[in-house]
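Subject: Structure handover

Hi,

Here is the structure for you to look over. My notes on what came out of it follow below.

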Amino acid sequence: MPQIELENITRTFQLGDTTVRALSSVSVAINAGEYVAIMGPSGSGKSTMLNLLGLLDQPNNGHYRLEGRDVTTLTSDELAAVRRTRIGFVFQSFHLIPRLTSAENVAMPLMLAGVPPEIRRQRVNAALEKVGLANRAGHRPDELSGGQRQRIAIARAIIMEPAMLLADEPTGNLDRHTGQEVTELLEALNAAGTTLIVVTHDPDMGFRAHRRLMMEDGVMSDSQEQA
Amino acid sequence: MTPADTLGFAARTTTGSPLRSSLLVLAMSIGMAAVVVLTALGDGVRNYIIGQFVSLGTNLLIVTPGRNDTGGFQLGGLITPRDLTIEDAAALQHVAHVRCAAPVLTGYSEVAANGRLRETMIMGTTSGYLDIRHFSLSQGSFLPNEDWQRSRSVAVIGVTIADELFGKASPVGQTIRVGDNRLRVIGVLSPIGQGLGFKPDEQVIVPVATALAIFNTNSLLQILLETTDRETIETAKAGAEQIMRTRHGGELDVTLITQDAVLSAFDDILDTTTMVLVGIAAVSLMVAGILVMNVMLVSVTQRTAEIGLLKALGASNRDIINMFLTEATFLSFIGALTGLAIGYLGSWVIRMAWPAIPVYPSAWAVTSALAVALCSGLVFGVLPARRAAALDPVLALSGH
């Protein structure tokens with residue numbers, strides 16, 4: 001059974017009096033542990049794709065089965081619970097809460113899940129260790145470099161040990177060298193078993209992935225099927 | 001999310017934007033302090049005024065010349081009322097249940113001694129006055145119990161006047177001049193403090209006949225009657241009315257006021273005054289509540305991306321609502337506590353400035369103001385919290 005299974009997913013937006021098809025009958029299956037890049041020019045629907053995969057958005061038509069469970073019919077609180085436990089997000093602009101320290105930012109998903117503080121502390125330390133920033137636990141985001149901020153964000157994404165990591169242009173705001181480091185960190189996590197789905201328009205990053213989903217005007221073509 | 005974590009997160013958020021939070025706390029604390037101080041002031045003034053009346057004794061009947069009738073025009077209103085005389089007072093002494101009577105006549109005059117001159121209040125009365133007013137003496141003795149018609153040249157003086165005219169020297173046995181009369185000081189009153197409309201520590205008490213001579217009049221200001229106890233006031237009043245009617249040619253041209261009637265009239269007025277003050281203060285609390293809503297709405301707009309992030313991290317709508325409600329309530333609570341402190345401080349300052357007025361914040365005002373502050377935080381936090389929870393995560397994450 002594939003971990004992610006999209007079946008004829010259609011998502012349309014109403015812009016004034018014209019209807020824009022962001023996704024048009026998209027079907028794809030992704031197995032656990034895969035490393036997938038979603039690529040395409042801006043406006044091609046790749047961000048909509050990621051939002052749907054991350055359960056931040058719902059399709060107008062079609063079915064999305066996550067780990068065998070149809071998630072298109074869930075209530076918003078059920079969706080929140082799935083996001084909390086199964087999905088880790090990494091954003092282009094990091095989205096760290098500026099007034100909280102690194103450790104507190106990383107602990108946010110645990111706090112939302114109601115994990116008691118002492119267990120939280122252990123898991124946060126372990127996650128910070130994993131991204132190599134244990135010595136920055138007490139720093140606030142504005143005291144960290146861009147690469148460090150993204151690594152903190154990754155620590156936050158993996159703290160709940162999710163089934164998949166969804167990364168939206170994770171290196172978009174970083175220079176080439178730090179971008180490389182962040183990519184390697186994400187790939188190391190993937191090598192350890194987490195499904196990694198990256199949205200990028202950087203061809204270099206795209207070609208590192210084991211599988212590419214090319215988006216164009218809401219239609220997807222799969223590198224695996226072409227091969 | 002556990003309640004403790006929600007509270008911790010809210011506290012962290014408020015300290016994260018100190019200016020915004022402190023302005024909100026300031027607004028709430030001003031409202032709260034206004035309630036505390038204004039109610040304390042209202043209660044204080046009321047207790048002060050009632051205290052003044054109670055110090056006169058609650059079983060007191062006051063006879064004043066003239067008749068104030070509500071209920072229309074009367075022939076009696078046209079004729080000049082007869083004077084209230086010492087003879088009237090003497091007659092009233094024998095009314096059933098009257099324990100003690102004291103004719104009273106007051107006026108202002110120059111008082112001089114040792115080359116020092118003062119303008120002060122002269123009180124003409126008799127020996128019973130000391131008991132009726134619950135005054136006591138620090139030196140010497142009070143007016144002798146003798147024929148009220150006798151205008152003996154003696155005086156009992158208040159402690160302030162004693163200090164001002166004689167300094168540290170004992171005034172007893174000394175001579176003072178009141179108008180053109182030379183009087184011998186026979187006693188000094190103990191300190192009394194505040195009085196209603198005059199300063200009792202500055203008065204000079206002389207025999208009533210002496211006062212009538214000084215002010216060249218035949219009419220008393222009033223006659224004080226003290227009954228044996230509270231229950232007999234009405235009987236005594238009826239008896240006194242009958243005597244006055246007989247003495248004044250069948251016409252009741254005096255007014256008899258009981259202490260209770262005056263007290264309850266004042267009580268009503270002061271109740272209303274306090275309620276008005278509370279109303280004004282409540283408006284400022286309400287304004288503070290609306291300000292909480294306003295600031296929280298701005299906060300939702302400013303933190304759109306953060307709300308989007310929290311949703312992406314798996315916060316439920318209830319979590320988001322709880323976070324914002326807790327923040328609004330937390331700020332209101334801190335504001336209310338600060339306001340409470342300011343209110344108590346303000347009350348203390350008023351007590352220092354006017355020691356006679358017992359300005360103490362009352363428990364009911366403090367608890368209800370706290371409750372109102374908390375509720376306003378909660379009620380006015382609902383709209384912003386709901387708005388935050390209703391945000392679309394995708395749009396919120398992109399900052400829209």
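A salt bridge here is a side-chain nitrogen of Lys or Arg within 4 Å of a carboxyl oxygen of Asp or Glu. R11(A) and D57(A) form one, with their closest N and O atoms 3.0 Å apart. R11(A) sits in strand β1 (residues 4-15) of chain A, and D57(A) in the loop between α1 (46-53) and β4 (61-66), so the pair ties together parts that are 46 residues apart in sequence. Helices (H or I, at least four residues) and strands (E, at least two) are DSSP runs, numbered from the N terminus.

Some ground rules. This is a predicted model, where local features need pLDDT of at least 70, side-chain atom pairs count only at pLDDT 80 or more, and totals for chains, interfaces and linings use all residues. Residues are numbered from 1 along each chain as its sequence is written, chains are lettered from A and ligands numbered from 1 in the order written, and side-chain values use heavy atoms, with hydrogens and water left out.

Chain A

The secondary structure of chain A comes to 8 helices and 10 strands. Its C-alpha trace spans about 50 × 40 × 40 Å along the principal axes. The radius of gyration is taken over C-alpha atoms, and the globule rule is 2.2 Å times the number of residues to the power 0.38. Chain A has 18 Å, which agrees with the value near 17 Å for a compact globule of 227 residues.

Buried residues make up 55% of the 227 residues in chain A. The cut-offs: buried is under 20% relative accessible area, exposed is over 50%, and partly exposed is in between (1.4 Å probe, protein chains only). Both ends of the first pair above count as buried: R11(A) because its relative accessibility is 14%, D57(A) because its relative accessible area is 9%.

R208(A) also forms a salt bridge, with E187(A), at 2.7 Å between the closest N and O atoms. R208(A) is in helix α7 (residues 203-208) and E187(A) in helix α6 (residues 176-191), 21 residues apart. R208(A) is partly exposed, at 33% relative accessible area. E187(A) is buried, at 17%.

Chain B

Chain B has 12 helices and 10 strands. Does its radius of gyration fall near the globule value or far from it? What you get is 33 Å, whereas a compact globule of 400 residues would have a value near 21 Å. The C-alpha atoms of chain B fill a box of roughly 100 × 55 × 35 Å along the principal axes. Buried residues make up 50% of the 400 residues in chain B.

Contact means heavy atoms within 4.5 Å. Of the contacts in chain B with a separation of 6 or more, 80% are between residues 24 or more positions apart.

I321(B) shows this kind of link. I321(B) is in helix α10 of chain B. Its relative accessible area is 15%, so I321(B) is buried. Leaving out residues up to four places away in sequence, I321(B) touches A385(B), R386(B) and A389(B). A385(B) is 64 residues away along the chain, yet the two C-alpha atoms are separated by 4.7 Å.

R46(B) and D267(B) meet in a salt bridge through their side chains (3.1 Å, N to O). R46(B) is in helix α2 (residues 18-55) and D267(B) in helix α8 (residues 259-302), 221 residues apart. R46(B) is buried, with a relative accessible area of 17%. D267(B) is partly exposed, at 25%. Salt bridges that share partners also join R99(A), R20(B), R303(B), E306(B) and E327(B) into one network.

The interface

The contact takes 24 residues from chain B and 24 residues from chain A. Together the chains bury about 2,100 Å², 61% of it on carbon and sulfur atoms. Buried area is the accessible area (1.4 Å probe) that two parts lose on being put together, summed over both. On the chain B side, R12(B), L309(B) and L313(B) lose the most area to chain A, together 27% of what that side buries.

The count between chain B and chain A is 3 salt bridges. In one salt bridge, the side chains of R120(A) and D5(B) meet at 2.6 Å, N to O. The interface also has 10 residue pairs in polar contact, both residues at pLDDT 80 or more. A polar contact is a pair of N or O atoms within 3.5 Å; within protein, one must be able to donate a hydrogen and the other to accept it, and residues adjacent in sequence count only if both atoms are side-chain atoms.

On the side of chain B that touches chain A, the elements giving two or more residues are α1 (3-16), α9 (304-312), α10 (317-353) and α12 (393-397). α9(B) gives the most, with 6 residues. The residues on that side divide into 12 nonpolar, 6 polar and 6 charged. Ala, Val, Leu, Ile, Met, Phe, Trp, Tyr, Cys and Pro count as nonpolar, Asp, Glu, Lys and Arg as charged, and the others, Gly among them, as polar.

Over all chains, the whole structure has 24 salt bridges.

Best wishes
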